[in-house]
Each structure stands twice: as structure tokens, then as C-alpha cells.
Amino acid sequence: MTNMIINKLPAPTWTWLRVNEHTVAVPDVLEKAACTVENMPSEVREGKVDFTSICLGDVELGAGEEFRQMSHKAKTGGASYTVSADVKVEEPIRLVFDYNDDNVGRLSRTSIVLGENSELTVVMIFKGKPSFGANDIRIKTGKNAKLSLVEVFQLEEGSNFVDSIGGKYQEKSGLKLIQVKSGDGNMALACCSELLGYKSYLDIDTGYLVRGEDKLDINYLARHTGKKTDSKINVSGVLRDKADKTFRGTIDFIKGCKDATGDEREDVLLMDEGVHNNTVPLILCAEEDVEGAHGASIGKISEEVITYMESRGIPEADINELMAKSRIDAVIGRIPDDVTKEKLLTDD
């Protein structure tokens, strides 16, 4: 096993706060994670991933350089999905990844490349109980291309997992990312988006439930380079028992990104006294003519809400469950795939 440092804060703060980075233990050998394709539209070209190609070799990953080196060293292969210019794919790609509980480290690698004026939705569902599991996604989009990426994490107790996304977005193109952590285990989520073109965008919507003694570490980075670029990061979650969560959200306004806008928000519901929460919203600014905002709402269910719902005949224990479930269901409800959305809401 080797310790790997991931999710570094771009501008470190006080070391004693212990929020500048996250460390995970990685096995010396990684094998390819099993993947079942549940739906593959005919308009999508499927092939083998090549992260050393000109298309994907320069994509910055949210988890950082050590994760990139680990992924390249593993050489586990993977899948690439390409959509030609002017093609709007109506049906989503649906992929289910199974990380077997066999004490073997597993890695999945995916590339997504969209031509100009194309559109695509990709749904990824992660299951199993990996001693160590990782997911590497790299994205490039042409002008006016739109990608919706949905990730649902239904891993089992005892899992250790890292999900890292990197993307480059050209003029008026962008990423709509929805992440739902409804399962168990320790997890790190990371996404770096380079908004290169005029009016390129990033829209992240994340819902999580962390319980037991599990840990969740999140690192989102929006790099604004193009003019009038826009990023929105919304994170909503629930911490129970002795759960531990750290959220880093960085909006980086690079000189020249005139009229760019960025906004990041987190809403955290603390269910028990033993939970531990870190929220680190960060705005870096090298350009004067921009607008950036951040905020966080962290706390327990208010006495007013409890009193109101009890007056309607709802026991306090049920109130807690309803409020916790509502956080996840709200994010699930925004998934742009009715099949996935209905299945998740029914399973709950």
C-alpha cells in the first residue's frame, strides 16, 4: 500500500485546520472494474480509452497530479465515448460499475469527447464493496456542446473510493454534473473544470448522506479563463452518527475572464452530536471585472420545524428521517433521465 495525497486546496490555509488535502491508501496493483452497459445510443462511438493522446493528456484532474500518475501507471484500460459534431443524442448512456469485494484494488477510466453543437447524457452507477476503488473521467467539448453527467454512488459499508473528473470546455459549452452519494463507505469526490471559451459553464448539484464513522472528502474547482463564463456549485447533505465531511469549493477567476460569474453554496444538516464538518469555500481572483459569491448553511433541524411537524402528528424520529431523505431526493429529482430517477426514488 502507498499513501496518495489528493484534493489539495489550490491556496492552502492554516495547517492545523487539516483541510488542505486528503490522504488515501492505494494498493500496489490495480485491476479494471467491471462495467455493464445498460443503454448505448447508436449515435455514440465507443472505443478504448487513450489518456496519453492529444485529446486527453492535458486535462487537469480534480483529485490532483498523484491521482493522475496512479491512473497512468495502472494501465487498466477503459472506454471512450465520442459524439460527432451537430449530433444531439436523445437517449442517455447508462453504465453500472461493479467493484467486487475481493480485496483487489479496482479502477475505471472513461473519456468523453463531444463535437461542436452536440449533446449527451451519461449516467454512471457505482456498486460493490471495494477495499480500494477509483474512477477517472476526462472530458473535452467543442463549441456549443452540452454534457450532462450523473454519478450515483451506492457502495457498501467498508468501501474506500475516489472519483476524479477533469474537463476542458470551449465556447458556450459546459458540464452539468449531478452526484448522489446514498451508499456507505469512505469516499472522495473531485472535479476540475477549465472554462476556456466564451460563455462556457459549469453546473454542479451534489447530494450526500454520510453516516456511521464514514468520511466524505469533496474538492470542486472551477477555473474561469474565458469571458462571461459561469459556474454554479450547489452541495446539500446530511451527517449522522460520527460522520466526517470536508467540502472544498474553489472558484478561480484567472486574469482575462472579464464578466465571469461564480457562485457556490452548501447546505449541511447535522443530525447528531458526534458529527464533524468542514466547509471551505474559496474564491481566487486575478481579474477585477467579475462576480463571485459563496455561502453555507450548517445546523440542525430548527425547533420551529420540529414543533410544526409534530403538531401534524409526525413523531420526531420520523421528522429526522424525512428531512434527511429530502436532501437526497431533491437532487435525484433533478436527474435528466426518467428511468434512473424513478428507479432511485422507488428504491428509497
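**Figure 1. Arg68 and its salt bridge within helix H1.** Arg68 is buried at 12% relative accessibility, where buried means a relative accessible area under 20%, exposed means over 50%, and partly exposed lies in between (1.4 Å probe, protein chains only). Its partner Glu65, at 46% relative accessibility, counts as partly exposed. The two residues form a salt bridge whose closest N and O atoms are 3.5 Å apart; such a bridge requires a side-chain nitrogen of Lys or Arg within 4 Å of a carboxyl oxygen of Asp or Glu. Arg68 and Glu65 both belong to helix H1 and are 3 residues apart, about one turn of the helix. Helices (H or I, at least four residues) and strands (E, at least two) are DSSP runs, numbered from the N terminus. The model is predicted: local features need pLDDT of at least 70 and side-chain atom pairs count only at pLDDT 80 or more, whereas totals for chains, interfaces and linings use all residues. Residues are numbered from 1 along each chain as its sequence is written, and side-chain values use heavy atoms, with hydrogens and water left out.

**Figure 2. The salt bridge between Asp58 and Lys140.** The closest N and O atoms of Asp58 and Lys140 are 3.0 Å apart. Asp58 lies in the loop between strand S5 (44-48) and helix H1 (65-74), and Lys140 lies in strand S10 (residues 133-141), so that this pair links distant parts of the chain, 82 residues apart. Asp58 is partly exposed, with a relative accessibility of 44%, whereas Lys140 is buried, with a relative accessible area of 18%. In total, the structure holds 20 salt bridges.

**Figure 3. The salt bridge between Arg327 and Asp267.** In this pair the closest N and O atoms are 3.6 Å apart. Arg327 is located in helix H3 and Asp267 in strand S19 (residues 261-270), so the bridge ties together parts that are 60 residues apart in sequence. Arg327 is buried at 14% relative accessibility, while Asp267 is partly exposed at 28%. Elsewhere, Glu60, Arg223 and Asp252 are joined into one network by salt bridges that share partners.

**Figure 4. The aromatic pair Tyr99 and Phe161.** Rings of Phe, Tyr and Trp (its six-membered ring) pair if their centres lie within 6.5 Å; planes under 30 degrees apart count as stacked, over 60 as edge-to-face and the rest as tilted. By this rule the count comes to 7 aromatic pairs. The ring centres of Tyr99 and Phe161 are 5.0 Å apart and the planes stand at 90°, so the pair is edge-to-face. Tyr99 belongs to strand S7 (residues 93-99) and Phe161 to strand S12 (residues 160-169), and the pair links distant parts of the chain, 62 residues apart. Tyr99 is buried, with a relative accessible area of 0%, and Phe161 is buried at 3% relative accessibility. Ring pairs also link Phe97, Tyr99, Phe126, Phe153 and Phe161 into a cluster.

**Figure 5. The packing of helix H2 with helix H3.** Helix H2 (residues 303-310) packs with helix H3 (residues 316-332) at an angle of about 115°, and their axes are 10 Å apart. Axes are lines fitted to C-alpha atoms, for helices over the stretch in contact, and angles run from 0 to 180 degrees between N-to-C directions. The contact (heavy atoms within 4.5 Å) involves Ile306, Met309 and Glu310 of H2 with Glu316, Ile319, Leu322 and Met323 of H3.
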